[in-house]
Amino acid sequence: MPPALRIRKATTADLPAVMAIEREQFSNPWSAEHFAAELTNRVAKFYVAESREIARLAGFLIFWRLGSELELHKIAIARACQRRGCGSCLLDFFIRAARSKNCQQALLEVRASNAPAIRLYEKYAFQCIGRRRDYYSSPVEDALVFRWLNDRLKID
Ligand SMILES: CC(C)(COP(=O)(O)OP(=O)(O)OC[C@H]1O[C@@H](n2cnc3c(N)ncnc32)[C@H](O)[C@@H]1OP(=O)(O)O)[C@@H](O)C(=O)NCCC(=O)NCCS
């Protein structure tokens with residue numbers, strides 16, 4: 001069962017906890033300045049998931065809204081909270097945001113070797129639509145491009 005999660009907008013006060021998860025989970029982490037810039041970026045939506053059980057952040061989510069398209073830039077769950085449905089909660093939140101804004105599609109890139117994330121995206125009907133060779137550094141690796149299509153939108 002996922003822990004009781006509360007998803008809310010991120011604030012400056014969350015950045016130390018976000019950075020701790022970022023450093024724990026990514027080999028090439030974003031800087032604190034990069035995260036701070038997302039808090040004021042007009043197109044960025046930056047959310048954190050608080051766990052009531054452990055009284056700290058379980059994870060975070062950053063996406064951009066560009067017209068009728070969403071770009072998922074970051075989703076991460078603290079190691080201590082993984083495999084308990086928290087990532088699914090955040091991705092479900094993301095899909096509901098896409099539907100509520102009548103977005104046509106959502107796009108993301110993921111390291112080709114990141115099986116946990118790829119399975120999570122596939123669980124939410126994202127489909128792989130391409131590969132960007134040597135897209136990532138530290139270590140160098142291809143990116144897979146995944147797309148989610150809003151099947152509830154009727155396009156004439
Ligand atoms: C990817 C990530 C967000 C998943 O978070 P999570 O809270 O563990 O995910 P959930 O418990 O909701 O699991 C959802 C699904 O993801 C898949 N999954 C998650 N962890 C997995 C693992 N270690 N191995 C295989 N599949 C995994 C499973 O399909 C799972 O569904 P299931 O439980 O029905 O089998 C988390 O592993 C993470 O933060 N990874 C590091 C950051 C990252 O890589 N982000 C994505 C960058 S593009």
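**Around I95, the sheet and the ligand shell**

Setting aside neighbours up to four places along the sequence, I95 makes contact with Y124 and W148. All of this is read from a predicted model. I95 itself sits in helix 3, and its surroundings are neither fully packed nor open: it has 18 C-beta neighbours inside 10 Å, so it counts as partly exposed, given that 20 or more would be needed for a buried residue. Q105 lies 10 residues from I95 along the chain, and the C-alpha atoms of the two are 9.8 Å apart.

Helix 3, which spans residues 86–100, also has a place in the sheet topology. Strand 4 and strand 5 run parallel and are joined by 4 bridges, with L72 taking L108 of strand 5 as its bridge partner. To get from strand 4 to strand 5 the chain passes through helix 3, and this β-α-β crossover is right-handed. Strand 4 pairs with strand 3 as well, this time in the antiparallel sense and over 8 bridges. Here F63 is found opposite L72 of strand 4, so L72 has a partner in strand 3 as well as L108 in strand 5. Strands 3 and 4 form a hairpin with 2 residues between them, and G67 in this hairpin adopts a positive phi near 60°.

Next comes the nonpolar core. Nonpolar side chains tend to be buried together in soluble globular proteins. The largest such core in this model counts 35 residues, and A49, L57, A58 and F60 have the most contacts within it. At least two core residues come from each of helix 1 (15–25), strand 2 (44–51), strand 3 (56–66), strand 4, helix 3, strand 5 (105–111) and strand 7 (141–149). Strand 3 gives the largest share, with 6 residues. As for L57, its contacts beyond four places in sequence include D14, A17, V18 and I21, along with V48, A49, E50 and A78.

That leaves the ligand. There are 19 residues around it, and those that come nearest are Q82, G87, S88, P116 and R119. Strand 4 (69–77), helix 3 and helix 4 (115–123) each put at least two residues into this shell, with helix 4 providing the largest share at 6 residues. By residue type, the shell splits into 9 nonpolar, 6 polar and 4 charged. Strand 4 and helix 3 thus turn up in both settings, each supplying at least two residues to the core and at least two to the shell around the ligand.

Terms used. Residues are numbered from 1 along each chain as its sequence is written. This is a predicted model: local features need pLDDT of at least 70, side-chain atom pairs count only at pLDDT 80 or more; totals for chains, interfaces and linings use all residues. A residue is near a molecule or strand if its C-beta atom, placed from the backbone, lies within 6 Å of it. Ala, Val, Leu, Ile, Met, Phe, Trp, Tyr, Cys and Pro count as nonpolar, Asp, Glu, Lys and Arg as charged, and the others, Gly among them, as polar. A residue is buried if 20 or more other C-beta atoms lie within 10 Å of its own, exposed if 12 or fewer, and partly exposed in between; C-beta atoms are placed from the backbone. Two residues are in contact if their C-beta atoms, placed from the backbone, lie within 7 Å. A nonpolar core is a set of buried Ala, Val, Leu, Ile, Met, Phe, Trp, Tyr and Cys residues joined through C-beta atoms within 7 Å. A crossover is right-handed if, with the strands pointing away from the viewer, the path from the first strand over the helix to the second runs clockwise.
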